[in-house]
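The following exercises concern the reading of a protein fold from its coordinates. Please work through each task before consulting the solution beneath it.

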Amino acid sequence: MSDLNNLFEPIAAESVVDLVANQVESLIVQGILPEGARLPSERELSERFDVSRPKVRDALKRLEDLGLLHVRHGEGTFVAQLSGQAMTPALIDLYARHGVAFYDYLEYRKEQEALAARLAAERATSSDRAAIEEVVAELERAQEEGDLEASEEADVRFHSVIVNASHNAMLIHMMRSIYDLTRRGVFYNRRYLRTIDGSGERLLEQHLRIAAAVLAGSPEEAEAAARDHLDFVEMSFRIGEDRERREAFAKKRKQASGL
């Protein structure tokens, strides 16, 4: 009979620290703990992990040494800035002034959000579906009340929850950075978009179509709906730019003619 005792090895005390550190790392990788998120206190973590506070302290110190966490004395422990800036402040200011990268931005978003919608339709959990339904209700309420500010915020949140439902950590981290720039109006003014030919209703319909496809588990339809949505945004802005250009020329002609 074989000696089964040889199959087992003692567990080192340091392994507890490894397990705690690995769990926190996993939450960061998956985008569940975003940059800047404040962790619970050592005491709370000790209770949740059911390990001693010294072990929790050692795990947090290890993660701090790795550059994953940042301790602010008197405030707590926070997830460090990990992804960095998508662009330098000077480049952000350049785009804000000239909008030279707007259509490149849309092209990038189209490909990433189409992939995210497809994956979300395949992978969304019950929690993801609940988050999607919640933000859809916010979009509908904002549109009904004519609340542009609430509509803008819900718009970004909608795309964020679809990306989160993709369960692709790289997509989640990269698009979080892109949506931060979108919130700041770096690439375009979304209020301008919503004034073009009643596009608010059209945008809502498109968001509802994406959500319905994801909730129904239809990857092809979800991907197509996401692409159609960004195509519409691009078309609307091209129309708007043409109108502004014609209006500017019309004013100059009027001035030149003295009429």
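Four exercises with solutions follow, and they refer to a predicted model.

**Exercise 1. Overall architecture**

Task: Determine how many helices and strands the chain has, and in what pattern they follow one another.

Solution:
- Step 1. An assignment of secondary structure yields 11 helices and two strands.
- Step 2. Read along the sequence, these elements give the pattern α-α-α-β-β-α-α-α-α-α-α-α-α.
- Step 3. Of the 259 residues of the chain, 37% count as buried. The chain exposes about 15300 Å², and carbon and sulfur atoms supply 51% of that area.
- Step 4. Consider the contacts between residues at least 6 apart in sequence: 72% of them join residues at least 24 apart.

**Exercise 2. The strand pair**

Task: Establish how strand β1 and strand β2 run and how many bridges join them.

Solution:
- Step 1. β1 comprises residues 69-72 and β2 comprises residues 76-79.
- Step 2. The two strands run antiparallel and are joined by four bridges. One of the bridge pairs consists of H70 and its partner F78 in β2.
- Step 3. The hairpin has three residues between the strands, and G74 adopts a positive phi near 90°.

**Exercise 3. The two sides of helix α2**

Task: Identify which residues of α2 (residues 42-49) are buried, and which exposed residues lie on the face turned away from them.

Solution:
- Step 1. With buried taken as under 20% relative accessible area, L45, S46 and F49 of α2 are buried.
- Step 2. Viewed down the helix axis, the buried residues of α2 fall within an arc of 105°; therefore they line one face of the helix.
- Step 3. The face turned away from this buried side carries the exposed residues E47 and R48.
- Step 4. After α2 comes D50, which has a positive phi near 60°.

**Exercise 4. The largest nonpolar core**

Task: Find which elements give two or more residues to the largest nonpolar core, and list the contacts of V214.

Solution:
- Step 1. In soluble globular proteins, nonpolar side chains tend to be buried together.
- Step 2. The largest nonpolar core holds 21 residues; I132, F158, I162, I210, V214 and A222 touch the most other members.
- Step 3. Two or more residues come from each of α5 (102-123), α6 (126-145), α7 (148-164), α10 (199-215) and α11 (219-257). The greatest contribution, five residues, is that of α10.
- Step 4. Leaving aside residues up to four places away in sequence, V214 touches A117, A120, A121, A124, I132, I162 and A222.

Key:
Residues numbered from 1 in each chain as written. Predicted model: local features only at pLDDT ≥ 70, side-chain atom pairs only at ≥ 80, totals over all residues. Heavy atoms only, no water. Core = buried A, V, L, I, M, F, W, Y, C linked by side-chain atoms within 4.5 Å. Buried < 20%, exposed > 50% of the residue type's maximum accessible area, 1.4 Å probe, protein only. Contact = heavy atoms within 4.5 Å. Arc of directions from axis to C-beta. Areas by Shrake-Rupley, 256 points an atom, 1.4 Å probe, with all protein chains shown as cover. Pairing = 2+ DSSP bridges.
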